[in-house]
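Reader: Hi! Could you walk me through this model?
Author: Happy to, here it is.

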Amino acid sequence: MKKITLIIQREFLTRVRKKTFIIGTILFPLLYLGLIFGTGYIADKTKEDLNIALIDQSGLFKQDLIKSINGNDTVNSIQLVAVSPELIKTSFDSLGFDGYVIVPQNFTWQTGADSLLVNTKKSFGIGALNPIEKKINLMWNRIKRDSLGIDVGKEAILSKSIDLKINNEKDKNANAGIATVIGYVSGFLMYFILLLYGSQVMMGVTEEKTSRIAEVVVSSVKPFQLMIGKIIGIGMVALTQFLIWIACILIIYNVTKTTGNDGTASVMVGKIQQVFTSVNIPLVVGCFIFYLLAGFFFYSSLYAAIGSAINEDMREAQSLSFPITMLIIFSIALMTPAISNPSSPVAVWASIIPFSSPIVMMARIPFGVPNTVPWWQLGLSMVLLVAGFMFTTWFAARIYRTGILMYGKKPSWKEMIKWAFRK
Amino acid sequence: MNILELHNLKKYFATQKAVDDISMSIPKGSIFGLLGPNGAGKTTLIRMITGIFYPDAGDIILKGKKFDPENDAKYIGYMPEERGLYKKMKIGEQALYLAQLKGLSKHDAMHKIKEWFKRLEMESWWNKKVEDLSKGMGQKLQFVITVLHEPDLIILDEPFSGLDPINANLIKDEIYRLAQNGTTIIFSTHRMEQVEEICNNIVLVNKGQKILDGTVQNVKQDFKENLFSIQLENTPAAISSNAFDIVTVNKQELIVKINEGFKANDVLGYFMNNGSNIVSFKELLPSLNDIFIKLVEGTPTARQFQKVTE
């Protein structure tokens with residue numbers, strides 16, 4: 001036991017003291033946020049800005065009507081042009097228009113037209129024409145309203161509609177929107193940690209094997225102790241990183257709480273407090289730590305087995321670890337349907353079966369325990385995951401003790417399984 | 001008293017009887033040579049002694065008790081042929097870590113490392129990394145790490161490969177010093193001249209079996225061919241005696257083989273009666289190298305894969 005502690009200590013300290021750990025701990029959340037906001041920002045910036053000429057042969061579209069519609073939204077504008085269709089066809093681009101629409105003579109206020117053509121020389125994305133379409137329909141609505149003699153007050157009555165909202169009687173604070181976000185964040189975080197630290201275990205084992213230190217160490221400790229010490233040590237690193245992030249979130253929460261009521265800050269505070277009231281944060285964090293460690297043990301022992309089987313060549317590592325990596329990627333693929341319907345059979349089974357449960361169960365838990373996830377499912381999932389990692393650790397240890405001293409050709413999965421089940 | 005006894009040790013792999021029924025005893029305080037061609041099973045044998053492999057059959061008795069790898073690791077120091085250290089770890093921390101894994105307390109380990117580093121002039125290495133060391137320096141460090149916890153049994157696999165003569169002598173002196181203090185050293189190599197120089201006892205293994213066991217002197221006596229070298233002031237033109245046969249004739253030196261039933265005195269008598277002046281006379285003992293080649297030769301140079309049934 002003392003020796004395992006020594007190994008854990010070494011694995012933990014050498015990693016935590018590295019610059020890459022400190023940078024990774026700070027940079028990863030920043031990169032993650034940057035990715036989310038960056039893509040949003042870019043999508044916003046690259047929106048089409050269309051300028052469309054309107055030639056009205058029906059006489060219904062008046063200048064002041066168009067002006068009042070354009071007044072609200074200056075990005076996509078429509079302008080009434082009083083030239084002949086032949087002339088606009090040849091000159092619309094030199095006049096600074098992206099395209100033109102001809103409203104035909106037979107366009108009446110009652111029937112309108114099934115469709116109008118935007119004549120252009122450009123190609124547009126799917127949603128690019130939506131704002132223009134909206135404006136033309138808005139104008140037609142006004143024309144219809146005026147013709148029917150409906151005033152603004154009556155129109156307001158007509159345009160009223162009803163919103164449907166969820167009232168979960170069992171859980172008053174449930175908020176599907178926030179649960180979805182937390183579900184996604186937890187699932188992806190789990191995914192990154194499993195892949196990142198799993199491959200760290202694999203590379204650590206390979207490094208010990210190829211630098212031949214393994215033979216020196218296993219003359220003092222059992223191969224199993226070396227393997228489990230490495231796995232626990234690296235698991236502690238992952239846990240430390242996660243706890244640092246949690247601490248940062250708590251600091252941000254408390255800081256935003258005290259900085260009071262001015263403008264944007266109060267909105268932020270409101271939102272953050274909403275998160276804390278609608279989701280059982282201690283339960284989510286507690287479960288996350290459990291699934292982080294158990295899932296990590298489940299996968300990293302398999303990665304350790306692969307690390308012990310390969311030699312210097314990193315390509316060998318890729319081809320051998322492919323099935324394991326696929327399991328993790330498959331889990332993340334199951335997460336999306338599980339979040340959109342957290343009570344569906346796919347979600348339930350994927351969150352109980354050990355290989356996908358760390359990611360899928362973490363995506364479901366924010367929707368509420370025991371309403372969305374009954375206690376028995378959570379319990380069964382945890383028990384099976386513990387049983388699962390005990391099996392993979394046993395299995396991996398048997399491959400490891402042979403692989404770590406075996407040099408030469410890369411074994412196949414078939415040979416490795418043979419090592420595992422030999423007496 | 002024997003520090004280590006092996007009784008009918010066996011280890012079979014899927015395609016190879018790596019160690020096939022080997023027994024031997026190693027007396028305390030001896031420098032013991034474990035010899036054998038490549039693939040003879042030396043490394044497998046050593047791995048069983050160090051607790052890395054469990055034997056399929058047979059017993060290992062260390063210090064009079066059945067060997068228990070978990071708790072007896074501290075009595076053994078092992079330097080594998082392929083040297084291994086953490087490349088990115090600081091040398092001082094690494095030595096400390098490996099000594100603690102052997103069961104030393106942090107305080108004791110620190111004390112001993114400082115002592116050894118001082119003796120071998122390695123004090124300035126403490127904060128360096130292994131990747132900064134030359135091959136020979138790495139070798140020296142590996143040796144220190146092997147012997148640091150003062151084990152009763154030290155197993156060195158090719159300890160001099162890659163060392164220059166000065167550092168090789170340094171290590172050699174340390175080996176003698178350790179042996180004088182009662183440490184037993186098993187020395188695995190196929191460099192015969194080193195074995196002859198250093199070892200008291202040897203065992204030769206081939207194809208997983210022990211084929212020779214004894215002190216260096218006895219082994220040489222057993223394999224001597226009654227060859228003698230004689231230097232004469234002037235070699236007579238014709239020599240003929242039924243006491244011996246001439247093997248080779250050089251300018252100054254004759255090599256003769258004494259026949260069955262005759263003694264060295266018969267040879268000397270013949271030349272004295274002949275009136276030749278004898279300058280020197282000595283027995284030619286075979287070198288371990290000759291014995292090794294004689295015993296191992298004829299067996300295929302590379303071990304063949306075989307079917308293991310059992």
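Author: What follows covers a helix pair, the contact between chains, and chain B. This is a predicted model, where local features need pLDDT of at least 70, side-chain atom pairs count only at pLDDT 80 or more, and totals for chains, interfaces and linings use all residues. Residues are numbered from 1 along each chain as its sequence is written, with chains lettered from A and ligands numbered from 1 in the order in which they are written.

Reader: Cool. At what angle do H15 and H16 of chain A pack?
Author: Helix H15 (residues 375–403) and helix H16 (residues 413–421) of chain A pack at about 100°, and their axes are 8 Å apart. Helices here are DSSP runs (H or I, at least four residues), and strands are runs of E of at least two, numbered from the N terminus. Axes are lines fitted to C-alpha atoms, for helices over the stretch in contact, and angles run from 0 to 180 degrees between N-to-C directions.

Reader: Which residues meet there?
Author: From H15(A), Phe395(A), Arg398(A), Ile399(A) and Thr402(A) meet Met416(A), Trp419(A) and Ala420(A) of H16(A). Contact means C-beta atoms, placed from the backbone, within 7 Å.

Reader: Switching topic: how many residues of chain A contact chain B?
Author: 16 residues of chain A are in contact with 19 of chain B. Helix H1 (2–16) and helix H8 (213–218) of chain A each give two or more residues to that side, and H8(A) gives the most, with six.

Reader: And what is chain B built from?
Author: Chain B has ten helices and 14 strands. Its C-alpha atoms fill a box of roughly 75 × 55 × 35 Å, taken along the principal axes.

Technical notes. Contact = placed C-beta atoms within 7 Å.
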